[in-house]
Amino acid sequence: MLKKPRFLFLSVLSALMVLGIVLVVIFYFIPPKPVIPPKPVIKPKPRYTYGICIDSLNITYGTVGRNQVLSTILTPQVRAEIIYKIASGPRDVFDVRRIHEGNRYAFITTRDTLHKALWFIYEINPIEYVVYDFRDSLRIYRGQKELVRKIRTAKGIIYSSLWNAIADSKLDINLALNLSDVFAWTVDFYGLQKGDGFKVIYEEVYVDSILSGSGRILGAIFHSNGIDHYAFYFNKEGKGDYFDEKGQSLERSFLKAPLHFSRISSHFTAARMHPILRIVRPHYGVDYAAPRGTPVVALGDGHVTDAGWHGGYGRFISIRHNSVYTTTYAHLSGYAKGIHPGANVRQGDVIGYVGSSGLATGPHLDFRVYRNGSPVNPLTLESPPARPVNPAYLQEYNGLVKTMKVKLDSL
């Protein structure tokens, strides 16, 4: 009779031991469910426009209408005395008379039933704007939108002209102008041949997420007449310039040509049939056929020695660049402002405009170069480069060239 409780006790003890073993196994060998922490509360970033936080404000946009002036835009929301103060105040920040039809403006107001105007912003152009702050006393200042630059690449083959190659590739036409500016001293854009081509790494500039245009060229190669011309942008000590693969400046004492995008209608020769006089005589210059009014620029820094009518040359300009070189520009339709005998000009300054004055069958520029008083062929003129890369930065520049060359070669 006494064995039964003892057996019961042993059975309960065995069950507890098994349960303990099971609990130990569960605790040590079965991982507990992970504790998922609550998601952090992410506060939205403050929204800024024109440098003003507008999270708790309203902003409305408008466009300047035909014959609309600033006072008529402001009148519904701004007190008359403030408008008078703006209209009669100093114009050093912005002249209110110069607002243009089609330009955008914005009112920033309180977010309540009053909709009190706190700021008025007028966009001078896609980048610059002027702010009128009405909160305390009137404050007027200028600002600029943030420019976002994206790196792009492009390449093209010349079949007729650089301009057409850019257009055929559906690229920003300003890229053609930028390329011609970079290579103005080293590539003869009037002697391009079918099969010439380019590869370029450049910036695209965005304003308000909208493409504004082509920015700076960072690296490029232009293949012309069997020669590869390199250009790399290098900025040191606050000044950037373009250099070739050896660190020599692409700038020269003289540009390759005195105008953009035309064609050569007559070359340098010792015997040419004059189209009007019908006699054979030397033509010691190059004729660039271009539309009337095309800007003509100075080939280099110099001093204007003649600017006036010059017989069969018509309207004529002569520039002495130094004790050796002189350039002349003939058959002009007019002169740029400030061009007169005695005026000083810088390389690339507009000095006149293509025309057909004097003995000319159509609009063109007769351009000539004289060395020590003797005519030389402008198309074969060699010009020394400007200063090369500073030797102190040459190692850094060589690293840049190596990287850029790899990218250009892979295009």
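**Two buried loop residues and two nonpolar cores**

In this predicted model, G355 has a relative accessibility of 0% and therefore counts as buried. This glycine sits in the loop that links β22 (350-354) to β23 (364-371). Its surroundings bring together several parts of the chain: beyond the neighbours within four places in sequence, G355 makes contact with R292, H331, L332, S333, G362, P363 and H364. One of these partners, H331, is 24 residues away from G355 in sequence, yet the two C-alpha atoms are 5.6 Å apart in space.

The strands on either side of that loop also take part in the largest nonpolar core. This core has 33 residues, and those touching the most other members are Y288, I317, I319, Y329, I351 and L365. Two or more residues come from each of β16 (286-289), β17 (295-297), β18 (302-309), β19 (315-320), β20 (325-335), β22 and β23. A closer look at I319 gives a feel for the packing: with residues up to four places away in sequence set aside, I319 touches A298, G302, H303, V304, T305, Y325, T326, T327, Y329, V345 and I351. A second core, separate from this one, holds 23 residues, among them V182, F222, A231 and L250. In soluble globular proteins, nonpolar side chains tend to be buried together.

L250 leads on to another loop residue, T186, since contact partners of T186 outside its neighbours within four places in sequence are H229, L250, R252 and K256. T186 is located between α5 (174-182) and β9 (197-207), in the connecting loop. With a relative accessible area of 16%, T186 is buried, because the cut-off for this class is under 20%.

Methods. Residues are numbered from 1 along each chain as its sequence is written. This is a predicted model: local features need pLDDT of at least 70, side-chain atom pairs count only at pLDDT 80 or more; totals for chains, interfaces and linings use all residues. Side-chain values use heavy atoms; hydrogens and water are left out. Helices (H or I, at least four residues) and strands (E, at least two) are DSSP runs, numbered from the N terminus. Buried means under 20% relative accessible area, exposed over 50%, partly exposed in between (1.4 Å probe, protein chains only). Contact means heavy atoms within 4.5 Å. A nonpolar core is a set of buried Ala, Val, Leu, Ile, Met, Phe, Trp, Tyr and Cys residues joined through side-chain atoms within 4.5 Å.
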